[in-house]
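Hi there,

Here is the structure I promised to pass on. Have a look at it first, and then read my notes below.

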Amino acid sequence: MTGIHTIDTHYLGLAEVAAAYLIVDGDRAAFVDNNTNEAVPRLLAALAEQGLRPEQVDYLIITHVHLDHAGGTSALARACPNAKVVAHPRAAPHVIDPAKLVASASAVYGQAEFDRLYGTIDPVAEDRVLIMEDEQTLRLGGRELRFLHTRGHANHHFCIVDTATNAIFSGDAFGLVYPALQGEGTFAIPSTSPTDFEPELARESIRRLVSERPSCIYPTHFGRVTDIEAAAGQLLRHLDFAERLRDDAENSDRPDEALEAYCRARLFDYFAGLLDGMGNLGRDPNTWSHLKLDIDLNVQGIAFAANKRRRKAQTAGG
Ligand SMILES: [Zn+2]
């Protein structure tokens with residue numbers, strides 16, 4: 001049925017952590033993000049549930065090439081023979097030749113863990129990849145999709161405005177809003193993971209999304225967000241803190257390799273403060289275990305950014 005459908009990819013075996021979205025317009029369809037190879041059967045099942053065949057999928061849109069968003073692209077492209085992969089100009093080269101992406105992720109996770117999580121990622125033929133510039137539009141059935149380049153989380157990231165509903169698919173540019181962590185009010189945290197995190201640009205992207213006055217936002221992690229103002233306020237404050245932390249780490253006299261431990265201690269403190277304001281949910285040990293992986297990635301991203309600025313300052317200073 002025409003509309004937007006949320007698919008739980010069960011990433012890492014967990015419910016409601018990473019989504020893919022299916023947009024249906026009449027007899028045409030598009031996926032937004034696709035998680036990993038393991039999620040592809042779930043995506044195809046969601047399509048069948050709408051009474052559609054893989055041949056009716058026009059677009060496989062990826063918000064950026066991080067593997068919890070685009071890890072299943074090559075497998076999904078094989079399953080949907082008429083679909084174009086729609087990507088940011090800086091993401092497209094990694095879709096066409098994933099070797100570098102695979103090598104760097106394998107180095108982070110270790111080969112065995114990479115194979116277990118992501119399996120084989122094949123190249124996608126260049127003529128099946130469609131690059132979307134900032135503000136470019138694309139027709140899907142009777143509706144139009146508009147693309148907004150949004151840096152801060154990743155340099156190869158865009159968001160998609162569905163002009164039929166004025167909903168925005170935000171990838172990781174409007175933070176992480178896990179259903180399990182929603183209490184009385186909205187609870188949103190930014191993703192500051194390596195290697196492109198830039199707080200100024202991340203704030204700019206959030207402001208740009210808000211200025212579109214969307215009816216709702218669909219972050220990949222996870223589902224539909226309607227209290228946009230509250231979420232944006234939390235994200236902007238959190239990014240201010242992350243920026244101070246990056247600067248403090250950069251300017252401290254600690255050696256490069258000690259910055260991660262320094263950021264970890266302070267970010268955990270910051271989260272403890274956030275969770276204090278969450279009532280019973282904040283005191284639930286499950287909340288911490290739910291957040292642990294993201295806090296860890298966020299620590300790494302902030303420390304990486306601090307080290308990157310140190311190297312840049314050294315180069316500039318001769
Ligand atoms: Zn990401």
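**What I found**

Let's start with one residue: Ala-45 sits in helix 1 (residues 40-49). Before going on, you should know that this is a predicted model, where local features need pLDDT of at least 70, side-chain atom pairs count only at pLDDT 80 or more, and totals for chains, interfaces and linings use all residues. Residues are numbered from 1 along each chain as its sequence is written. The helices (H or I, at least four residues) and strands (E, at least two) are DSSP runs, numbered from the N terminus.

Is Ala-45 buried or exposed? Ala-45 is exposed, because 10 other C-beta atoms lie within 10 Å. The cut-offs are these: 20 or more other C-beta atoms within 10 Å of a residue's own make it buried, 12 or fewer make it exposed, and anything in between is partly exposed, with C-beta atoms placed from the backbone. Try finding Arg-309 too: Ala-45 and Arg-309 are 264 residues apart in sequence, and 46 Å separates them in space, C-alpha to C-alpha.

Now the whole chain. You can count 11 helices and 11 strands in it. The C-alpha atoms fill a box of roughly 60 × 45 × 35 Å along the principal axes. The radius of gyration of the chain is 19 Å, which agrees with the value near 20 Å for a compact globule of 318 residues. (That radius is taken over C-alpha atoms, and the globule rule is 2.2 Å times the number of residues to the power 0.38.) Of the 318 residues, 44% count as buried. Among contacts with a separation of 6 or more, 68% are between residues 24 or more positions apart; a contact needs two C-beta atoms, placed from the backbone, within 7 Å.

Next, the domains, whose bounds come from an automatic or database domain assignment. Domain 1 covers 3-229 and domain 2 covers 233-316. Their C-alpha centres lie 25 Å apart. Where they touch, 23 residues of domain 1 are in contact with 22 residues of domain 2. The largest share of the domain 1 side, four residues, comes from helix 7.

Helix 8 (residues 228-251) is worth a look as well. Its 24 residues reach 34 Å from the first C-alpha to the last, close to the 34 Å expected at 1.5 Å a residue (the expected span is 1.5 Å times one less than the number of residues). Its buried residues include Ile-228, Leu-235, His-238 and Arg-246. What do the buried residues of helix 8 pack against? They pack against helix 7 (199-211), strand 11 (216-219), helix 9 (259-276) and helix 11 (285-316).

Finally, the sheet. Five strands form an open sheet in the order 7-8-9-10-11, with mixed pairing. Strand 7 (137-140) and strand 11 are the edge strands, each pairing on one side only. Two strands pair if DSSP finds at least two bridges between them. Strand 7 and strand 8 (residues 143-149) are antiparallel, with four bridges. Leu-138 has Leu-145 in strand 8 as its bridge partner, and Leu-140 has Arg-143. In the hairpin of strand 7 and strand 8, two residues lie between the strands, and Gly-141 takes a positive phi near 55°. Strand 8 also pairs with strand 9 (residues 158-162), antiparallel over five bridges; there, the partner of Leu-145 is Asp-162.

Cheers!
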